[in-house]
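Here is a briefing for a reader who is new to this structure. Look at the sequence and the model first, then take the topics one by one.

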Amino acid sequence: MESIKENYEMMFTSYPDLVDITQLKEMLGIGITLAYRLVRNKTIKVGRQYKIPKRNVIAYLTNQNEI
């Protein structure tokens, strides 16, 4: 299995290191409700916006469950 670091260098290179809900939904191809459900308790919230580390999205997709 590839490491998060290796995947980080290959996946979602056009996205910033911290993504918002809209970007997360685009990355995963899911609806807004599911995106909020995924991040509700495991993200950084700045004001009214969630900030999700891109490495967590990659870990989630590669079954390393960081999100």
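Leaving aside residues up to four places away in sequence, Q23 touches Y15, P16 and L18. Q23 itself sits in helix α2. The model is a predicted one, and the points below cover the chain, its helix pairs and a few single residues.

**Q23 and its surroundings**

- Q23 belongs to helix α2, and its contacts beyond four places in sequence are Y15, P16 and L18.
- I52 lies 29 residues from Q23 in sequence. In space, their C-alpha atoms are 9.4 Å apart.

**The chain as a whole**

- How many helices and strands does the protein chain have? There are four helices and three strands.
- Along the sequence, these elements follow the pattern α-β-α-α-β-β-α.
- The protein chain has 67 residues, and 30% of them count as buried.
- Take the contacts in the protein chain with a separation of 6 or more: 54% of them join residues 24 or more positions apart.
- About 4500 Å² of the protein chain is exposed. Carbon and sulfur atoms supply 48% of that area.

**How α2 packs on α3**

- Two packed helices are described by the angle between their axes and the distance between the axes.
- Helix α3 covers residues 32-39. The axes of α2 and α3 cross at roughly 105° and come within 9 Å.
- The two helices are therefore roughly perpendicular to each other, as angles of 65 to 115 degrees count as such.
- On the α2 side, the contact involves I21, L24, K25 and L28. On the α3 side, I32, A35, Y36, L38 and V39 take part.
- The residues of this contact of α2 with α3 divide into eight nonpolar, no polar and one charged.

**How α2 packs on α4**

- Helix α2 spans residues 21-28, and helix α4 spans residues 54-61. Their axes are 11 Å apart, at an angle of about 30°.
- Are α2 and α4 roughly parallel or roughly antiparallel? Angles under 35 degrees count as roughly parallel, so α2 is roughly parallel to α4.
- The crossing of α2 past α4 is right-handed.
- L24, M27 and L28 of α2 meet K54, V57, Y60 and L61 of α4.
- This contact of α2 with α4 divides into six nonpolar residues, no polar ones and one charged.
- L24 and L28 of α2 meet α4, and L24 and L28 also appear in the contact with α3.

**Inside α4**

- Which residues of α4 are buried? They are K54, N56, V57, I58 and A59.
- K54 and V57 are buried, and both meet α2.
- Y60 is found in helix α4. Y60 counts as partly exposed because its relative accessibility is 30%, between the limits of 20% and 50%.
- Y60 is among the α4 residues that meet α2. The C-alpha atoms of Y60 and L28 are separated by 9.9 Å, with their positions 32 residues apart along the chain.

**Positive phi angles**

- N63 comes just after α4 and takes a positive phi of about 60°.
- F12 has a phi near 55°, a positive value in a residue other than glycine.
- Where is F12 placed? F12 is in the loop between α1 (4-10) and β1 (18-19).

Terms used:
Residues are numbered from 1 along each chain as its sequence is written. This is a predicted model: local features need pLDDT of at least 70, side-chain atom pairs count only at pLDDT 80 or more; totals for chains, interfaces and linings use all residues. Side-chain values use heavy atoms; hydrogens and water are left out. Axes are lines fitted to C-alpha atoms, for helices over the stretch in contact, and angles run from 0 to 180 degrees between N-to-C directions. Angles under 35 degrees count as roughly parallel, over 145 as roughly antiparallel, 65 to 115 as roughly perpendicular and the rest as oblique. A crossing is left-handed if the near helix is turned anticlockwise from the far one by less than a right angle, and right-handed if clockwise. Contact means heavy atoms within 4.5 Å. Ala, Val, Leu, Ile, Met, Phe, Trp, Tyr, Cys and Pro count as nonpolar, Asp, Glu, Lys and Arg as charged, and the others, Gly among them, as polar. Buried means under 20% relative accessible area, exposed over 50%, partly exposed in between (1.4 Å probe, protein chains only). Accessible areas come from the Shrake-Rupley method with a 1.4 Å probe; for residues, only the protein chains shown count as cover.
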